[in-house]
Amino acid sequence: MSTDRPIIVIGSGGHARVVADALLAAGATVLGFTDADPARHGLSLLGLPVLGDDSTLQAHQPDAVHLANGLGGVGSAGAAGPGQGRLRQRVQQGLAAQGWQFVGVRHPSAVLSPFAELAGCVQLLAGSIVQPGARLGEGCIVNTAAVVEHDVHLSAWCHVAPRALLCGDVRVGTGSHIGAGAVLRQGVRLGANTLVGAGAVVVRSFEGSVVLAGVPARVMESRR
Ligand SMILES: CC(C)(COP(=O)(O)OP(=O)(O)OC[C@H]1O[C@@H](n2cnc3c(N)ncnc32)[C@H](O)[C@@H]1OP(=O)(O)O)[C@@H](O)C(=O)NCCC(=O)NCCS
């Protein structure tokens, strides 16, 4: 990750604070947070201000400041589920189209094999592990203490929630959320925009955009 310019974190919720914490631990200068909600403007989080909404960025030059994406997905099957993940993608791509540059995030305690491949703006949070042969698409999050084993391929904008374990050779489609503590057995394939519930154990592949939960994981709901 680049720490040569000061960074503003987009969002001011829980994920934004985890991202800011990782940036600070890595030695970056963080100027503060943005949030669309006026009630949050002026709050102090981790000793850093909520500066305003995204229009506050206009006080800076795009070549002088980097941005970090602080919008997570909450992993519910409702409107705030993968929709929230898509919000994350939409906001980042909208700001990038205006010339803002987003940085990836790597907490110093994250373990990243030099034989893994990361696309841009991947977030590796505290205690996460990414093993050789893994390939992570743009905007993926490997959250606290999650493990992405050898040769796993995650398409863009996937969120691997805290303590999830993706065994070797797993493939996950774009925009999917792997819930906290879930286990994906080696070689399993999941489609795009799949939501795996917390604690699920996925022992076979599932096509399409589904919500999975339980041990062994079964379909709770089909999104299409
Ligand atoms: C699976 C999940 C998507 C379901 O969300 P939801 O549709 O809002 O479900 P509800 O909470 O309304 O529960 C519906 C039913 O499913 C059950 N259920 C919910 N989550 C479950 C889970 N993870 N495993 C097994 N059963 C679950 C509930 O007990 C309930 O059962 P009931 O109808 O018999 O009472 C959600 O609970 C989940 O696990 N999300 C991931 C959370 C996560 O990863 N957080 C980390 C964020 S960084």
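**Exercise 1. Place Leu195 in the structure and state whether Leu195 is buried or exposed.**

Leu195 lies in strand β21, which covers residues 195-196. Strands here are DSSP runs of E with at least two residues, helices are runs of H or I with at least four, and both are numbered from the N terminus. The model is a predicted one, in which local features need pLDDT of at least 70, side-chain atom pairs count only at pLDDT 80 or more, and totals for chains, interfaces and linings use all residues. Residue numbers start from 1 along each chain as its sequence is written.

Next, count neighbours. Leu195 has 27 other C-beta atoms within 10 Å, so Leu195 is buried. The cut-offs are 20 or more other C-beta atoms within 10 Å for buried, 12 or fewer for exposed, and partly exposed in between, with C-beta atoms placed from the backbone.

Last, take a distance: 21 Å separates the C-alpha atoms of Leu195 and Gln92, which are 103 residues apart along the chain.

**Exercise 2. Work out the order of the open sheet of 5 strands and find which strands stand at the edges.**

Step 1. Two strands pair if DSSP finds at least two bridges between them. Strands β1 (residues 7-10) and β2 (residues 30-34) run parallel and are joined by 4 bridges; Ile8 has Gly32 in β2 as its bridge partner.

Step 2. β2 is also joined to β4 (residues 48-52), in parallel, by 2 bridges, and Thr34 stands opposite Gly52 in β4.

Step 3. β4 pairs with β3 in the antiparallel sense over 2 bridges, with Pro49 in β4 as the bridge partner of Ser44. β3 and β4 form a hairpin with 2 residues between them, and Leu46 in the turn has a positive phi of about 55 degrees.

Step 4. The order is β3-β4-β2-β1-β5, with mixed pairing. β3 (44-45) and β5 (66-69) stand at the edges; each has a single partner strand, so one side of each lacks a neighbour in the sheet.

**Exercise 3. Describe the side of domain 1 that touches domain 2.**

Step 1. The domain assignment, automatic or from a database, gives domain 1 (7-97) and domain 2 (109-222). Their C-alpha centres lie 23 Å apart.

Step 2. In contact (C-beta atoms, placed from the backbone, within 7 Å) are 14 residues of domain 1 and 17 residues of domain 2.

Step 3. On the domain 1 side, α1 (14-25) and α2 (82-97) each supply at least two residues. α2 gives the most, with 5 residues.

Notes:
Contact = placed C-beta atoms within 7 Å. Nonpolar A, V, L, I, M, F, W, Y, C, P; charged D, E, K, R; others polar.
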